[in-house]
Amino acid sequence: MDPFSDPQAVARYADGPPRMVPGFAGLQRMATILLAERAPNEARVLVLGAGGGLELKAFAEAQPHWSFDGVDPSAEMLGLAQRTLGDLSARTRLHRGLIDVAPEGPFDAASCILTLHFIESGERLRTLREIRRRLKPGAPFVAAHFSIPKDDGGLDLWLSRYAAFAVASGIEPAQARNARAGLAQRLPILAPEEDEALLRQAGFGGVSLFYAGFAFRGWVAYA
């Protein structure tokens, strides 16, 4: 079963990113700061991959006048986002589906955290173009996901470090090994230079790396 459709897996989801993504809380804070650099006080923000609600909650708590449109294909994960947000959900509209269900905007900012690595390269480029099309000129976009160098042994080495970090954070070793093996088989992980090239092909400028945590990278770019 797809873990994002499995009620038991969804119920445990919020425990995962802080233990498996190095500096996860810092990543959220940095993303908020980068969006706020150019977004107005009452910004309308598009969040792609909003299931679970972790970044929605972080953004909403840090910026009490922002409003949000969150998009995710999983009904179960959107339900978790609703519960995670609690009273903050009054400033959020949730949409089930892929980028095509997102409102046209124009938005003042957008984010896509721990999501693009699930999408094949061609569809990833289309997704980025659709995000870009919904943004106001000069609006910031923050993305972070698996992005691993493809030099000899690079994928295996960095996924091993990812698994070691998970174990050091309290994940059972067998679970971490299974996650590592599954990632290598299932995810269309790109190299950092490929990720940056897609952002530029999608029409974004000012592409800058702001985060690197073992197997993960994060960029800020502008419409």
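Is the crossing of H6 and H9 right-handed or left-handed? In this predicted model, the crossing of these two helices is right-handed, and the views below begin with that pair.

**View 1. Helices H6 and H9 where they cross.** The axes of H6 and of helix H9, which spans residues 192–201, come within 9 Å and cross at roughly 45°. An angle between 35 and 65 degrees falls outside the parallel and perpendicular ranges, and H6 and H9 are therefore oblique to each other. On the H6 side the contact is made by Ser121, Arg124, Leu125, Leu128 and Arg129, and on the H9 side by Asp195, Leu198, Leu199 and Gln201. Sorted by class, the contact of H6 with H9 has 4 nonpolar, 2 polar and 3 charged residues.

**View 2. Gly122 in helix H6.** Gly122 belongs to helix H6, which covers residues 121–133. Because its relative accessibility is 54%, Gly122 counts as exposed, the cut-off for this class being over 50%. The C-alpha atoms of Gly122 and Leu198 are separated by 9.2 Å, although these residues are 76 residues apart along the chain.

**View 3. The open sheet and its edges.** The sheet is open and is formed by 7 strands in the order E3-E2-E1-E4-E5-E7-E6, with mixed pairing. Strand E3 (92–96) and strand E6 (205–213) stand at the edges, and each has a single partner strand, so one side of each is left without a neighbour in the sheet. From one strand to the next, the twist averages 15°.

**View 4. Strands E1 and E2, with the helices that pack on the sheet.** Strand E1 (residues 44–48) and strand E2 (residues 67–72) run parallel and are joined by 5 bridges; Arg44 has Ser67 as its bridge partner in E2. H6 packs on the sheet, where it touches E1, strand E4 (109–113) and strand E5 (140–146), and the direction of H6 makes about 155° with that of E5. H9 also packs on the sheet, touching E5, E6 and strand E7 (216–222), and the direction of H9 makes about 20° with that of E7.

**View 5. Leu88 and the residues it touches.** Leu88 is found in the loop between helix H5 (75–85) and E3. When residues up to four places away in sequence are not counted, Leu88 touches Lys57, Ala60 and Glu61. Gly153, by contrast, is 65 residues apart from Leu88 in sequence and 44 Å apart from Leu88 in space, C-alpha to C-alpha.

Definitions and conventions
Residues are numbered from 1 along each chain as its sequence is written. This is a predicted model: local features need pLDDT of at least 70, side-chain atom pairs count only at pLDDT 80 or more; totals for chains, interfaces and linings use all residues. Side-chain values use heavy atoms; hydrogens and water are left out. Helices (H or I, at least four residues) and strands (E, at least two) are DSSP runs, numbered from the N terminus. Buried means under 20% relative accessible area, exposed over 50%, partly exposed in between (1.4 Å probe, protein chains only). Axes are lines fitted to C-alpha atoms, for helices over the stretch in contact, and angles run from 0 to 180 degrees between N-to-C directions. Angles under 35 degrees count as roughly parallel, over 145 as roughly antiparallel, 65 to 115 as roughly perpendicular and the rest as oblique. A crossing is left-handed if the near helix is turned anticlockwise from the far one by less than a right angle, and right-handed if clockwise. Contact means heavy atoms within 4.5 Å. Ala, Val, Leu, Ile, Met, Phe, Trp, Tyr, Cys and Pro count as nonpolar, Asp, Glu, Lys and Arg as charged, and the others, Gly among them, as polar. Two strands pair if DSSP finds at least two bridges between them.
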